Amino acid sequence: MASHFDTIALNKHCEMAEQMTVTNALHAARLAKRLDHVGFSDIVKIRNKVIELRASGQAVHAFHGGEPFFATSEAVKQALVQAAVEDKTKYAPSSGIPPLRKAIAEKLKTRNGMQNVSVDDVIVTVGGAHALWVSFQAVLDAGDEVLIFSPYWTPIADMVRAAEAKPIFVPTTEARREGLALTLEKYATTATRALYYNTPQNPSGVVFSREEAETVAAFAQDRDLVVIADEAYEDLVYEGDHVSIASLPGMAERTIATYTFSKSYAMTGWRIGYAVAKEPFMTGLRKLVLYSTNGVTTMVQYAGLAAMQTAGADLVRRRHEYKERRDLLVHGLGDLGFECAMPAGAFYAFPKSTRVHADSREAAAILLDTAHVATIPGVVFGAEGEGHLRFGYATGIEEIRAGLEALRRAL
Ligand code: PLP
């Protein structure tokens with residue numbers, strides 16, 4: 001039988017063991033420090049609120065999303081099935097299947113004006129997001145600074161921070177008013193290593209002109225910077241032309257351009273995109289893709305190839321359909337007293353929120369509560385987005401009409 005002292009000793013021992021476990025657990029249960037400053041998308045929180053409202057039986061007019069309104073084409077779906085039936089289910093080269101890379105290189109030459117691109121300059125990625133992630137990882141060292149026109153697509157700042165680098169926000173409005181070169185100069189330092197160049201832009205719908213692209217290119221060359229181009233919305237330009245910055249003289253060598261199948265081909269869930277770059281960047285991208293995903297699902301790559309081969313006239317038709325939606329939404333918002341610049345590209349309108357509330361989070365909450373209209377507060381896209389709301393118009397014409405009507409009744 002254990003004595004009183006044994007019991008005390010045993011208790012003491014247990015306490016110590018418990019303490020040790022707790023201490024060990026506390027030491028182990030922590031994240032790598034480089035993730036301390038990496039945020040989690042606010043947009044997900046809004047999406048969850050919408051799901052909650054819908055689950056409680058309430059209708060929500062959804063303008064918060066960023067996904068095409070139409071379904072992936074039958075040809076693409078068939079190509080995936082066909083690839084499976086033909087047992088194209090083994091490991092593919094981690095940079096992508098040769099016929100897809102060849103088709104991409106061809107497209108970059110004919111549609112993006114990249115005359116000297118070769119198959120070796122192309123790598124297939126798990127969507128545009130992955131292409132951007134590996135691009136930042138490939139070029140940034142701790143302490144490097146990246147110039148980002150703001151408002152910007154939210155994940156970019158976090159991707160830069162995840163590479164232990166620092167995002168530096170360049171207000172797009174100021175840059176367009178004061179001149180791009182002057183403004184970029186103002187925000188650049190000796191630590192500036194790269195510039196993120198997104199056109200057409202999410203969330204503002206801004207499309208940089210050829211002249212603006214040339215100014216940014218000259219600045220990048222002058223400062224010896226790498227440009228990470230994000231051309232996710234290249235097929236959605238309603239006014240002006242899409243200019244790939246890598247196609248400008250002297251830019252192919254210093255640009256990593258990223259693309260996605262998500263928006264042009266309504267393939268958000270398929271997770272396929274690509275990057276184009278010269279050496280030494282391509283070696284970096286290849287290592288990062290190899291060790292992060294070992295490439296894109298083989299069957300999905302065949303589906304992506306089918307998308308490129310069959311879309312043709314659909315791309316033009318879809319552009320008209322988006323433009324129709326844009327005009328309906330922007331004019332409708334204007335009639336309701338929202339001040340809104342006409343977006344030249346992508347599928348977002350970015351009106352001022354002041355008609356409802358100067359604080360964009362407040363404004364979005366009011367619209368969701370009173371009109372059941374879901375939007376994204378502009379501040380989510382950076383301080384420069386405050387005072388705005390993002391309305392995605394990649395939705396049905398009738399949905400846009402119903403949303404506008406709900407706003408009219410509530411305001
Ligand atoms: N770049 C921008 C500006 C975007 O808005 C998005 C998606 O919303 C992407 C890149 C990446 O898209 P995905 O990862 O679906 O290819």
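**Reading the ligand shell and some unusual backbone spots**

By class, the residues in the shell around the ligand are five nonpolar, six polar and three charged. The model discussed here is predicted.

Q: Which residues come nearest to the ligand, and which helix gives the most to the shell?
A: Happy to start there. Gly128, Asp230, Thr260, Ser262 and Lys263 come nearest of the 14 residues around the ligand. Helix α5 (residues 127-139) gives the most to that shell, with four residues.

Q: How do I read polar contacts here, and which side chains have a polar atom 2.8 Å from an oxygen atom of the ligand?
A: A polar contact is a pair of N or O atoms within 3.5 Å. Lysine 263 has a polar side-chain atom 2.8 Å from a ligand oxygen, and arginine 271 has one at 2.8 Å from a ligand oxygen too. For tyrosine 233, an N or O atom of the side chain is 2.8 Å from an oxygen of the ligand. The protein covers 92% of the 400 Å² of accessible area that the ligand has on its own.

Q: What is the phi of arginine 271, and is this residue buried or partly exposed?
A: Arginine 271 is not a glycine, yet its phi is positive, about 60°. This residue lies in the loop between β7 (255-260) and β8. Buried means under 20% relative accessible area, so arginine 271, at 33%, counts as partly exposed.

Q: And alanine 346: buried or exposed?
A: Alanine 346 counts as buried because its relative accessibility is 0%. Its phi is also positive, about 60°, and its place is in the loop between α12 (313-335) and β9 (348-349).

Conventions
Residues are numbered from 1 along each chain as its sequence is written. This is a predicted model: local features need pLDDT of at least 70, side-chain atom pairs count only at pLDDT 80 or more; totals for chains, interfaces and linings use all residues. Side-chain values use heavy atoms; hydrogens and water are left out. A residue is near a molecule or strand if one of its heavy atoms lies within 4 Å of it. A polar contact is a pair of N or O atoms within 3.5 Å; within protein, one must be able to donate a hydrogen and the other to accept it, and residues adjacent in sequence count only if both atoms are side-chain atoms. Accessible areas come from the Shrake-Rupley method with a 1.4 Å probe; for residues, only the protein chains shown count as cover. Helices (H or I, at least four residues) and strands (E, at least two) are DSSP runs, numbered from the N terminus. Ala, Val, Leu, Ile, Met, Phe, Trp, Tyr, Cys and Pro count as nonpolar, Asp, Glu, Lys and Arg as charged, and the others, Gly among them, as polar. Buried means under 20% relative accessible area, exposed over 50%, partly exposed in between (1.4 Å probe, protein chains only).
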